Amino acid sequence: MLENFTGTTPRLQVVLDHSHPYCPSKAEMLKQHRELSMSIRRTIENNEEAGIRPSKTYQSFVAAAGGHRELNFIEKDVRNYITRKVRNVFEQEDAKEFEKYLLRMKEKNQNFFFELELEEDQSIKLAFWADARSRAAFEYFGDVISFDTTYNTNRYNLVCGSFVGVNHHGGNAPKGFLTYQCASMKRALEVCMPTTIHRWCIWHIMKKIPSKLNGYKGHADIEQEMSQVV
């Protein structure tokens, strides 16, 4: 602890000795003494697969043991096990099953196309697929493509982007491509689709208007006029 010696010049001195008695009864909760038994791990895995929250799982252990002090682990240990072990395994298994599904679709119809890239731990890095029907529809409805990634998945934290074609009587290369305001998308389209006109989605433009113009008295009229201009 630190002691303050008063005087003409205040000083601080480090005292290395313990200033309070030891408490051996609490030693079991130190990190090196906490552990999850095989049966506890199996229950955590089963509950996670069933969609039961970690807090509920931990509380069930507390109830079964008769109190927190009767357990040699804490709720954080349950959460850490799920993050480091269970979910990694599930993601790897999901990636394998997803690849099998894509291969089955390819076997059913050779016009089905997909690309799948995995991380070193065999979890999904990126995936792209287009079924035969959507590829055929693009020949007729491919004038303009809208690309939207305003949402993502919570479990795997992977952005899910959907390509949606609109209009009619198009060709192989779309005439227009609508995206959110992303510089990397703009550069990619310039390289991959040099003849395609890249435009920003009107929703992404207009959603900024309220925050910029809320302080003005004629905000509503300005927003309506801006929408017409855009």
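Here are some notes on the nonpolar cores and salt bridges of this predicted model.

1. Ground rules: residues are numbered from 1 along each chain as its sequence is written, and side-chain values use heavy atoms, with hydrogens and water left out. Local features need pLDDT of at least 70 and side-chain atom pairs count only at pLDDT 80 or more, while totals for chains, interfaces and linings use all residues.

2. The largest nonpolar core (buried Ala, Val, Leu, Ile, Met, Phe, Trp, Tyr and Cys residues joined through side-chain atoms within 4.5 Å) has eleven residues, among them Leu-36, Ile-40, Tyr-58, Phe-73 and Ile-82. Helix 1 (38-49), helix 2 (54-65) and helix 3 (75-108) each put in at least two residues. Helices here are DSSP runs of H or I, at least four residues, numbered from the N terminus. Buried means under 20% relative accessible area, exposed over 50%, and partly exposed in between (1.4 Å probe, protein chains only).

3. A second, separate core has six residues, including Phe-147, Phe-177, Cys-182 and Met-185.

4. There are six salt bridges (a side-chain nitrogen of Lys or Arg within 4 Å of a carboxyl oxygen of Asp or Glu) in the structure. One of them pairs Glu-75 with Arg-79, closest N and O atoms 2.9 Å apart; both sit in helix 3, four residues apart, about one turn of the helix. Glu-75 counts as partly exposed because its relative accessibility is 22%.

5. Also in helix 3, Glu-97 and Lys-100 are three residues apart, and their side chains meet in a salt bridge at 3.6 Å, N to O.

6. Over in helix 5 (residues 183-192), Lys-186 and Glu-190 lie four residues apart, with a salt bridge whose closest N and O atoms are 2.7 Å apart.
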